[in-house]
Amino acid sequence: MLTPDVLSVAREFSKTPGPRAEAEGPHSGEKFLRTRLLKRFLDAQRQGRKLLVDLDGTEGYATSFLEAAFGGLARNFPAATVLDTLEFKSSDEPYLVSEIKQYIADARKAA
Amino acid sequence: MSAFIADFRRMLDQRPIYLDLRGVTTITPDAIVTLVALVKGDRATRVRGNFPERQESSTLLIESGFFDHVKTGAPVPRSFKGRIEKRHSTRVEPETASGLIRFGLEAAGLEPGAHQACYRGLIECMSNTHNHASGRSARSPEQWWAMVLGNRATGRVQIAFADTGIGIFGSIKLRGLKKVYRAIGAVANSKILHDVLEGRVESSTGYPYRGKGLPMVYRDSLNKRIRSLYIIANDVFADVERGDYVTLRPGFTGTIVCWEV
């Protein structure tokens, strides 16, 4: 089994994740999706690997950041595919994982 | 406090104002941040004033960072316990949120570092102000004020966020029966705020996947990730931890959110 690719938000994007939209402020969820998550998600799919998103090491996350990033991904791809490809590491705030999975499910429902 | 704010706002048209604080026995961060928002708001009315006679209140006012924004006749010592930041609502500022929290943790003698729920609270407040405070017809963005105060004796950090926009109920969009009930006065805003926090009111954007910010702050309170969460919005005062949601008379124009960690 292939080892998962790892995408660290703190190391590869920002230690201070921001709001939902790029127009609202820096380090937004939309920007994370556009500049990091989408490419790595597609790479992982192509290679038949999982993508482990490491959420630790940041100052924290607004719900809108997480929803824009992961819900946004699930508005472009089937929720089942997103959930099948992504794994999450959140030792700092373990409850975030279930929050994100809910956003992915809700995004599909809302789309 | 809402009556004081209403009077103060009315008086901003009559200048100058002398703010007599001598009789103030208790002052809290939410009151301080609201006061500075009023005194240093968009209206350029000159406001002068004095200090509370009660030493604790006077000291708290000085330590809060209030006088980083309001000039005094005599110099006051620089504050190392509190900080107040003022911005226009055009931007959400993650670095400002992070800086405030780290300042507060250090001032309270706590281990410097991240506090995720606190950070989330500030970003959600900034974001709400950006998206809702001015309303759709506003020509200019509102200001927001964020304050942090570290208390070394209690090991607690108090955070207060205020904007002087149209408030939650100025931008909320109810649908279906809730809209009807509210229109005929059958349901109070205090009940609606509780529904907003419980995630039972759809976002004003109309997108079902949005509007999760305040519900998450609420859950952070329920799960004790933050403490002593209070919300004042329009005509509602909510002591969220105690589950008290009451109607304010007169109401307040804007939103104040404060909590402790």
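**Why these words? A tour of chains A and B**

Visitor: What makes B:Tyr230 count as buried?
Guide: B:Tyr230 has 20 C-beta neighbours inside 10 Å. The cut-off for buried is 20 or more other C-beta atoms within 10 Å of a residue's own, placed from the backbone (exposed is 12 or fewer, partly exposed is in between). So B:Tyr230 counts as buried. One caveat: this is a predicted model, where local features need pLDDT of at least 70 and side-chain atom pairs count only at pLDDT 80 or more, while totals for chains, interfaces and linings use all residues. As for labels, residues are numbered from 1 along each chain as its sequence is written, and chains are lettered from A and ligands numbered from 1 in the order in which they are written.

Visitor: Where does B:Tyr230 lie, and what does B:Tyr230 touch?
Guide: Its home is strand β6 (residues 227-233) of chain B; strands are DSSP runs of E, at least two residues, and helices are runs of H or I, at least four, numbered from the N terminus. Leaving out residues up to four places away in sequence, B:Tyr230 touches B:Asp30, B:Ala238, B:Asp239, B:Val240 and B:Cys258. Touching, or being in contact, takes C-beta atoms, placed from the backbone, within 7 Å.

Visitor: Which residues of helix α8 of chain B are buried, and how do you know that they line one face?
Guide: In α8 (residues 189-197) of chain B, they are B:Asn189, B:Ile192, B:Leu193, B:Val196 and B:Leu197. Down the axis of α8(B), these buried residues fall within an arc of 140°, so they line one face of the helix. That arc is taken from the directions running from the helix axis to the C-beta atoms. An α-helix has 3.6 residues a turn, so residues three or four places apart point the same way. After α8(B) comes B:Gly199, with a positive phi near 80°.

Visitor: What makes β1 and β3 of chain A stand at the edges?
Guide: Three strands of chain A form an open, parallel sheet in the order β1-β2-β3. Two strands pair if DSSP finds at least two bridges between them. β1 (5-8) and β3 (86-89) of chain A each have a single partner strand, so one side of each is left without a neighbour in the sheet. Four bridges join β1(A) to β2 (residues 51-54) of chain A, and A:Leu7 stands opposite A:Val53 in β2(A).

Visitor: How do α2 and α3 of chain A cross, and is the crossing left-handed or right-handed?
Guide: The axes of α2(A) and α3 (residues 63-74) of chain A come within 9 Å and cross at roughly 35°. Axes are lines fitted to C-alpha atoms, for helices over the stretch in contact, with angles from 0 to 180 degrees between N-to-C directions. The crossing is right-handed: in that case the near helix is turned clockwise from the far one by less than a right angle, and in a left-handed one anticlockwise. The residues of this contact divide into ten nonpolar, three polar and two charged. Here Ala, Val, Leu, Ile, Met, Phe, Trp, Tyr, Cys and Pro are nonpolar, Asp, Glu, Lys and Arg are charged, and the others, Gly among them, are polar.

Visitor: How many residues of chain B are in contact with chain A?
Guide: 21 residues of chain B are in contact with 23 of chain A. α5(B) gives the most to that side of chain B, with eight residues. The side divides into ten nonpolar, five polar and six charged residues.

Definitions and conventions:
Contact = placed C-beta atoms within 7 Å.
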